[in-house]
Amino acid sequence: MIDIPDGLAAAQAKFNGDAGRAFIAQLPELAAGFLDRWELRLDGPAMHGVAALVLPVLRADATRAVLKLQLLDEETEGEPAALRVWNGDGAVRLLAHDAPTGTLLLERLDPTRMLSHVPDVHEAVLVIARLLAHLTSGPAPDGMRGLGDIAQAMLDRTPDAVERVPDPETRALVADCAAALREVVDEPGDRLLHWDLHYDNVLAADRADWLAIDPKPLAGDPGFDLLPALWNRFDADDIRWRFDAMTDVLGLDRARARAWTLGRVLQTSLWEIEDGRPVDAQQLDIARRLRAAHRT
């Protein structure tokens with residue numbers, strides 16, 4: 001029997017509606033099918049995030065692995081391609097992939113040792129920066145969704161979204177983020193981005209101190225990858241240090257990285273506005289402080 005965590009079912013219903021509920025309904029049968037097809041045995045309780053069910057398993061040769069079952073969408077469909085490019089170098093290793101369902105068999109890392117457990121936030125930020133410098137060092141494979149198209153679509157949506165924001169300062173900040181993005185949108189870059197490298201998406205392993213998991217890959221500018229490390233484990237007074245440290249390690253032009261980070265704030269702000277929720281106050285603070293740093 002495959003137990004479906006209540007938290008995963010609630011998240012799928014919240015974010016994916018009927019498609020999410022249908023995905024949850026078919027998960028037990030889907031999991032059982034892949035356990036049989038790939039000759040896997042369950043080896044512990046189910047784990048989950050917002051989007052995926054992760055089952056610890058043993059392969060036929062007793063190798064420890066995890067079976068990841070997720071709803072296939074534009075964010076998850078590029079994951080196996082990115083993992084193949086990285087081939088276990090700085091990221092979790094892909095062992096098998098089913099294209100029609102997006103199901104993955106991955107090496108098993110240590111979920112009890114997340115980067116978010118490291119008490120020194122500056123040390124954790126530098127780990128993220130070094131991983132990003134490595135993971136984004138090469139071009140994205142052909143067919144990867146591109147940051148240029150995503151960024152232009154964001155700019156096209158901004159005027160209508162801004163009109164729906166009642167607070168004048170928030171409106172101004174969102175408009176400033178769009179203005180910064182407009183300056184770089186014609187040069188979106190071609191590097192392979194992780195897009196979601198926050199502290200819970202970095203795990204320890206026996207073969208490496210830290211490895212990235214759960215990419216939502218894009219082809220684009222590495223500056224678009226900085227926001228998760230600024231926002232998670234939020235500390236308003238630490239924003240400037242984190243931004244400067246990461247741009248140093250990655251060797252990024254600060255003005256361009258700032259523009260792409262503000263573009264990332266715009267992306268999440270548009271999601272909130274269009275779903276009828278307030279724009280995240282912490283992300284607005286990041287935008288405010290990066291904008292102020294640019295002027296000094």
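This passage describes the nonpolar cores and the aromatic contacts of a predicted model. Local features required pLDDT of at least 70 and side-chain atom pairs pLDDT 80 or more, whereas totals for chains, interfaces and linings use all residues. Residues are numbered from 1 along each chain as its sequence is written, and side-chain values use heavy atoms, without hydrogens and water.

The largest nonpolar core (buried Ala, Val, Leu, Ile, Met, Phe, Trp, Tyr and Cys residues joined through side-chain atoms within 4.5 Å; buried means under 20% relative accessible area, exposed over 50%, partly exposed in between, with a 1.4 Å probe and protein chains only) holds 76 residues. Leu115, Ile128, Leu181, Met246 and Leu266 touch the most other members. Helix 3 (residues 121-135) gives the most to this core, nine residues; helices (H or I, at least four residues) and strands (E, at least two) are DSSP runs numbered from the N terminus. A second, separate core of 20 residues includes Trp38, Leu67, Leu71 and Ala96.

Three aromatic pairs were found in the whole structure. Rings of Phe, Tyr and Trp (its six-membered ring) pair if their centres lie within 6.5 Å; planes under 30 degrees apart count as stacked, over 60 as edge-to-face and the rest as tilted. Phe34 and Trp38 form a tilted pair, with ring centres 4.9 Å apart and planes at 50°. Both Phe34 and Trp38 are buried. Phe224 and Trp260 are edge-to-face, at 6.1 Å centre to centre and 85° between the planes. Phe224 lies in the loop between strand 11 (218-220) and helix 6 (227-231), and Trp260 in helix 8 (residues 254-274), 36 residues apart.
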